[in-house]
Amino acid sequence: MVVPALLFIFVFMYIPMYGVLMAFQDYDLFKGFTRSPWVGLKHFRMFFEAPEFGSVVRNTVVISVLKLLVGFPAPITLALMLNEVRHMAFKRIVQTISYLPHFLSWVIVSGLVISMLSVDSGSLNIALEKLRLIGEPINFLSIPDYFWAILITAGVWKEVGFAAIVYLAAIAGVDPHLYEAASIDGASRWKQIFLITIPSISPVVIIFLILAVGNILNAGFEDIWLLARNPVLRDVSDVIDTYVYRAGILSSRYSYATAVGLFKAVISVGLLTIANAIARKFGTSLW
């Protein structure tokens, strides 16, 4: 099994890296890699000098940081809460309901969000009007100030339950005798969580945090592309991935798109290395 796995990795992960050469060429589909002219760092300079560079990088960083700050602790919190539930039937029902959205595509989830926020029959507008919190329906998906909150909320709802499975597995591996000893010593459930559960799963949390930091420039594509269809939202929704697709792929600027993607990859590797070096000082790291 090892040889086929290594062959698969080599063929589908390493050989395609040859395409990175396009970032340093004016790639011509008919000339190929060997005959396309070399232009050095031309496409990188074009990206750095593009009028959209500042807003694209800002949106990418802000959305990624918000996803990290809200989306990362959410499954940990859910796992800790589920671990305290003693009614097993209720616990299974909550787990099932919470991780089912993970198996829905972003096409379905975005449709649900758009329907919920609809001006004409959206449940959120209806509820706010019934509560007399607003006088008339609000078109949430045409107001830039609301977009980041909508995007982050939808993402957390979709992934929180599935992500919590890993932390529940880590919590299940904690020695139950530690809880018994703490209970005998008079520790409350809150103290047991903060003094036993969280320290016991901290290696798993740190590993996932390192990966999350290394993934900081992957703000997302499908969720943003589907929820930010309104051009009014472009100033707050255009991230590196959507910019590559729109300015690079749709315009057949393959070399430019490759250069932008390579820039993101290099920064991500740097962040991953820094995060891993810091985590190593605390005794847990990827390598």
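This section describes helix packing and the two largest pockets in a predicted model.

Two packed helices are described by the angle between their axes and the distance between those axes. For helix α5 (residues 73-83) and helix α6 (residues 88-99), the angle is about 160° and the axes lie 10 Å apart. Because angles over 145 degrees count as roughly antiparallel, α5 and α6 are assigned to that class. Their crossing is left-handed. On the α5 side, L78, L82 and N83 make the contact, and on the α6 side the participants are K91, V94, Q95 and S98. By class, this contact of α5 with α6 comprises 3 nonpolar, 3 polar and 1 charged residues.

Helix α5 also packs against α4, where the axes come within 5 Å and cross at roughly 10°. An angle under 35 degrees counts as roughly parallel, and α4 and α5 are therefore described in that way. The contact joins L68, L69, V70 and G71 of α4 to P73, A74 and P75 of α5. Of the residues in the contact of α4 with α5, 6 are nonpolar and 1 is polar, with no charged residue.

A further pair is formed by α9 and α11, which pack at an angle of about 140° with their axes 9 Å apart. Since this angle falls neither over 145 degrees nor within the 65 to 115 range, α9 and α11 are oblique to each other. The crossing of α9 and α11 is right-handed. Helix α9 contributes V166, Y167, A170 and I171 to the contact, while α11 contributes T197, I201, V204, V205 and F208. The contact of α9 with α11 contains 8 nonpolar residues and 1 polar residue, and no charged residue.

The analysis of pockets involves several of these helices. The largest pocket has a volume of about 860 Å³. Its lining consists of 28 residues, and those nearest the centre of the pocket are K67, G71, F72, E159 and N215. Two or more lining residues are supplied by each of α4 (53-71), α5, α9 (144-172) and α11 (189-214). The largest share belongs to α9, from which 10 residues of the lining come. In terms of residue class, the lining of the largest pocket divides into 17 nonpolar, 7 polar and 4 charged residues. G71 thus appears in two settings: G71 is part of the α4 contact with α5, and G71 is also among the residues nearest the centre of the largest pocket.

The second largest pocket encloses about 270 Å³ of space. The residues lining this pocket are L112, V113, M116, L117, L124, F140, I150, T153, A154 and W157. The elements giving two or more residues to this lining are α7 (106-116) and α9. Helix α9 again gives the most, here with 4 residues. The lining of the second largest pocket is made up of 9 nonpolar residues and 1 polar residue, with no charged residue.

Helix α9 links the two parts of this description. α9 provides the largest share of the lining of the largest pocket and gives the most to the lining of the second largest pocket. In addition, α9 packs against α11 at about 140°, and α11 is itself one of the elements that give two or more residues to the lining of the largest pocket.

Note on methods: Residues numbered from 1 in each chain as written. Predicted model: local features only at pLDDT ≥ 70, side-chain atom pairs only at ≥ 80, totals over all residues. Heavy atoms only, no water. Axes fitted to C-alpha atoms, helices over the stretch in contact; angles between N-to-C directions. Left-handed = near helix turned anticlockwise from the far one by under 90°. Contact = heavy atoms within 4.5 Å. Nonpolar A, V, L, I, M, F, W, Y, C, P; charged D, E, K, R; others polar. 1 Å grid on protein atoms, 1.4 Å probe; cavity = no way out; pocket = protein on both sides within 12 Å on 5 of 7 lines; lining within 4 Å. Points joined across faces, edges and corners; volume = space filled by probe spheres on them.
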